[in-house]
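Hi,

Here is the structure I promised to pass on. Have a look at it first, then read my notes below.

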Amino acid sequence: MIKNIKYKWILLLILLHISVVSNAQIDTTFTQVKMNYTHFLSLVNKNNLGYAAEKFNVNIAEADIEAAKVFPDPELAIGASDNGQRRMQMGYGFSSEVSWTLELGGKRKARINVAKSTNELTKALLEDYFRNLRAEATLNYLTSLKQKDIFKVQLNSYTILKNIAAADSIQYKLGNIAEIDARQSKLEANSMLNEVYQSEADWKTALLELGTMVGNQKADTLYSPSGDLGNFDRLFDLNELITAAENNRADLLAALKNKNVSQDLLKLAKANRVIDLGLSLGVESASIVSNAVAPTPSSNAVSAGITIPLKFSNRYKGELKAAEFSLQQADVLYKQTELQIQIEVRKAYFNYLTTQKQVRQFNTGLLADAQKLLDGKVYSYKRGETSLFEVLNAQRTYNETQLNYYETLYNYATALVELEKSAGIWDINF
C-alpha cells in the first residue's frame, strides 16, 4: 500500500514538472530572421519605403535650383509678304525679328535664392522625418520585445495550469479529489490557453510591424529582434536637455529655414514689381518692283527696338502683402516651435522620472514575493494542504505582477525614447 501511494506521488510530481506544452507551439510556417537593434536601424535607414519617398523631395528641390537659373528664352519671328508680284509686279518681301526679355531688379537671383532656401528647408524636414521615424521604429522594436515576454509569461502559466489539470485528473481517478475540482483545473487551463493564443498573435503582429518598418515584402518572413528591456537607466539634467533640443532639433531648424524661405519670397515679390525691358532686332527685305508706274529697286532694312511695359498692375500690392504676412507668420511659427519643444522636453523628462520610480519599485522585491507565493501555494496544493482556488489566485497574482513588470519596463524604455527624441539626442542601443 505504501509503495502504491509512493508511486502515485512520483507520477504526480513528474506531471507537475512537465515543461513542454504541445498545444501552444509557435507557428513554424514563418521564417524568423534574427537581428539586433543596430542591424534593425540600419535596415530602416536603407529600406523604409516612407523614408525613401521623402528623400525624393530633396532631389526635387535640387532640380528646382537648376530650373530657377534659366534665363528667359529669346523669340524668333519670321514673315513673308506678296504685294502682287504676278499681277501688278509689285514684288515680295521677307522679314525676321529676334526679341528677348531683359529681366531687371534681380529676379533671376531672387528665384535662385528661393530655390536654394527651399532646398535647405527640405533637407531639414527630411532630417526631422528620420528623427521621428527612428523613434517610431524603436518603439515598434520595444513592443515586439514586450509582446515576446508577455507570451512567455502566459505560456509558462499555461504550462503550470495544464500540469495541475493533468495531475488532478489522475487524482480524481484515484479517488483523492472530487470531480468538480478536476473539472475546474481543466477549465482554468483551457481558459489560459486562449490567452496564450492571443498573446502569440499579438507578438506576431508586432513582428509584422517590424517588417513594415524595414520594407520587408516577403509574406512568409518575420524579423525576430533581440534585446533586453531592462537596460534603459540614464541620468539627465533638464536644463541641458532643453539646450540640446534648441541646438539639435531638426524641426526647429526647419522652422528657421522656413523663415529664410519667406524672406527670399518677399525679395522675389519686390523684384517682380520691377519692370522688364523687351529688346528686339529685325531685318526686312523687299524685292525689286518692276511696275512701270513706280519702279523700285530691292532694299534691306534693319530695325532695333526697346519695349517698355506700363506697370499699372503695380498699383495692386496683393503679392507683396502676402509675402510680408508669410514672413511674419514664419517668425511666429518659429517662436511657437521653440516653445513647444521646451514643453515637450519637460513633459518627457517628468514622465521618464515617473517610470523610473515605478521600475525601481518592482526591483524592491515584488517579483520575488509573487514567485514565492505561487511556489508555496503549488507546494501546499501538492500536499493537499490548500485548495485549487488558492493556487489559482496565487497564479493570477503572479501573472498580473509579471505582466505589470514587463509593461512598466516597456513604459520606461518608451519614456527614454520620447525624451531623447524630444531633446534631439540619441544614444539608445541595446
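Below is what I found, starting with the sheet.

A quick word on the source: this is a predicted model, so local features need pLDDT of at least 70 and side-chain atom pairs count only at pLDDT 80 or more, while totals for chains, interfaces and linings use all residues. Residues are numbered from 1 along each chain as its sequence is written, and side-chain values use heavy atoms, with hydrogens and water left out.

There's an open sheet of four strands in the order S2-S3-S5-S6, paired antiparallel. Strands here are DSSP runs (E, at least two residues), numbered from the N terminus, and two of them pair if DSSP finds at least two bridges between them. S2 (75-82) and S6 (299-307) each have a single partner strand, so they sit at the edges with one side lacking a neighbour in the sheet.

Take S2 and its partner S3 (residues 92-102): they run antiparallel and are joined by eight bridges. Gly79 pairs with Ser95 of S3, and Ala80 has Phe94 of S3 as its bridge partner. S2 is also hardly covered: zero of its eight residues are buried (under 20% relative accessible area).

At the other edge, strand S6 contains Ile306. Ile306 counts as exposed because its relative accessibility is 60%, and the cut-off for exposed is over 50% (1.4 Å probe, protein chains only).

Ile306 also belongs to a nonpolar surface patch with Phe71, Trp100, Leu279 and Ile308, with about 490 Å² of accessible area together. Patch residues have over 30% relative accessible area and no salt bridge, and nonpolar side chains are joined within 5 Å.

Cheers

Definitions and conventions:
Patches are made of residues with over 30% relative accessible area and no salt bridge: like charges are joined within 9 Å, nonpolar side chains (Val, Leu, Ile, Met, Phe, Trp, Tyr) within 5 Å. Accessible areas come from the Shrake-Rupley method with a 1.4 Å probe; for residues, only the protein chains shown count as cover. A salt bridge is a side-chain nitrogen of Lys or Arg within 4 Å of a carboxyl oxygen of Asp or Glu.
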